[in-house]
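Trainee: Could we go through this model together? I would like to begin with the ligand.

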Amino acid sequence: MARTLYDLAGAEDDRRFSPYCWRVKMALAHKGLDFQTVPWRFTEKEAIAFSSQGLVPVLVDGERVVTDSWAICQYLDNAYPDTAPLAEGAQAWAHALFVKHWTERSLQVALAPILYLDILAHLHPKDRAYFRTSREARIGTTLEAFTADPPAHLERLRKVLEPLRATLAAQPFVGGPSPSVADYVVFGAFQWARCISSVQLLDAESPVFAWRERMLALYGGLGGKALGYSTIPATSGGASR
Ligand SMILES: N[C@@H](CCC(=O)N[C@@H](CS)C(=O)NCC(=O)O)C(=O)O
């Protein structure tokens, strides 16, 4: 059965940087479900109008159209009970919900001022004015003012990451011994960064760094082979990989 995911793209068709779309791609791979992606730009609202809303990811699974990354993950576990669960039971889903909210309200909030100018630079030209206008309305200032003082933003990120660092010092994945939907949610935020920015967010000694490398390698390198910047601190600058 053809499964199609509408997936945010930048200037190049294969620059896929949506944190929410990454969650879903990792979830589909976790469950061993085939899918194809359609590159989508912010201003192509008409292309997903059939979903009755204007955000990606949008998953078309046969007759079903499912939106919202969390709802898609839950849908996948319900629709495909014979595949590997994204979280084991109601309690694990409940814990993962906390991770989702931490990711969206703390981690992604800390990443935004580090990434917004890099996002702008990697967008398709037809999306740039929309991104600036919509994000400046949301943050209440210019992108330039919002992103000023990178060292302060990196220091804030370091503090926000402390619970994740402590968790991954004790266990290999956020979900415990193996990756779960909670890992895909957090990893989505790191892919948002890696696919459009050469900024090194993590110390190589950090357990979070080692976890991200494990996540990049999963499912034949689904995350790691995607167009983006190297996560390995380079002596010669952040080359794309
Ligand atoms: N709660 C949604 C959020 C999805 C979302 O915000 N997607 C962004 C791309 S990362 C989008 O489509 N933005 C369109 C726009 O800003 O117009 C989810 O989890 O899927």
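Mentor: Certainly. Please keep in mind that this is a predicted model. Of the 13 residues around the ligand, those that come nearest are Ser18, Tyr20, Leu55, Val56 and Ser69.

Trainee: Which elements give two or more residues to that shell?

Mentor: Helices H1 and H2 do.

Trainee: And how does the shell around the ligand divide by class?

Mentor: Eight of its residues are nonpolar, four are polar and one is charged.

Trainee: You listed Val56. What is the peptide bond from Val56 to Pro57, cis or trans?

Mentor: The bond is cis, with omega near 10°. Pro57 belongs to the loop between strand E2, residues 36-40, and E3.

Trainee: Which residue in the loop between E2 and E3 has a positive phi?

Mentor: Ser52, which lies in that loop, has a phi of about 65° although it is not a glycine.

Trainee: Is Ser52 buried or exposed?

Mentor: Ser52 counts as exposed, because it has 9 C-beta neighbours inside 10 Å, and the limit for that class is 12 or fewer.

Trainee: What is phi for Asp68?

Mentor: Phi of Asp68 is near 75°, again a positive value in a residue other than glycine. Asp68 sits in the loop between E4 and H2. With 17 other C-beta atoms within 10 Å, Asp68 is partly exposed.

Trainee: Where is Val66 placed?

Mentor: Val66 is in strand E4, which covers residues 64-67.

Trainee: Why does Val66 count as buried?

Mentor: Val66 has 20 C-beta neighbours inside 10 Å, so it counts as buried; the class requires 20 or more.

Trainee: What is Val66 in contact with, leaving aside its neighbours within four places in sequence?

Mentor: Its contacts are Leu59, Asp61, Ala71, Ile72 and Tyr75. In addition, the C-alpha atoms of Val66 and Ser51 are 7.6 Å apart, while the two residues are 15 apart in sequence.

Trainee: Let us change topic. How many residues does the largest nonpolar core have?

Mentor: That core has 55 residues, and Val24, Ala27, Leu111, Val181 and Val186 have the most contacts inside it. Among the elements that give two or more residues to this core are strand E1 (3-8), helix H1 (19-30), helix H3 (89-122) and helix H8 (181-194).

Trainee: Which element provides the largest share?

Mentor: H8 does, with ten residues.

Trainee: And what does Val186 touch?

Mentor: Not counting residues up to four places away in sequence, Val186 touches Val99, Thr103, Leu107, Leu164 and Val174.

Trainee: Finally, H9. Which of its residues are buried?

Mentor: The buried residues in H9 are Val208, Trp211, Arg212, Met215 and Leu216. They cover an arc of only 140° around the axis, so they lie on the same side of H9.

Trainee: Why would such a spacing in sequence give one side?

Mentor: An α-helix has 3.6 residues a turn, so residues three or four places apart point the same way.

Trainee: What covers the buried residues of H9, and which exposed residues does the face turned away carry?

Mentor: The cover includes H7 and H8. The face turned away from the buried side of H9 carries the exposed residues Gly220 and Gly221.

Trainee: How does the span of H9 agree with 1.5 Å a residue?

Mentor: The 15 residues of H9 should span 21 Å at that rise, and its end C-alpha atoms are 19 Å apart, which agrees.

Notes: Residues are numbered from 1 along each chain as its sequence is written. This is a predicted model: local features need pLDDT of at least 70, side-chain atom pairs count only at pLDDT 80 or more; totals for chains, interfaces and linings use all residues. A nonpolar core is a set of buried Ala, Val, Leu, Ile, Met, Phe, Trp, Tyr and Cys residues joined through C-beta atoms within 7 Å. Helices (H or I, at least four residues) and strands (E, at least two) are DSSP runs, numbered from the N terminus. Two residues are in contact if their C-beta atoms, placed from the backbone, lie within 7 Å. A residue is near a molecule or strand if its C-beta atom, placed from the backbone, lies within 6 Å of it. Ala, Val, Leu, Ile, Met, Phe, Trp, Tyr, Cys and Pro count as nonpolar, Asp, Glu, Lys and Arg as charged, and the others, Gly among them, as polar. The expected span of a helix is 1.5 Å times one less than its number of residues. The arc is that of the directions from the helix axis to the C-beta atoms.
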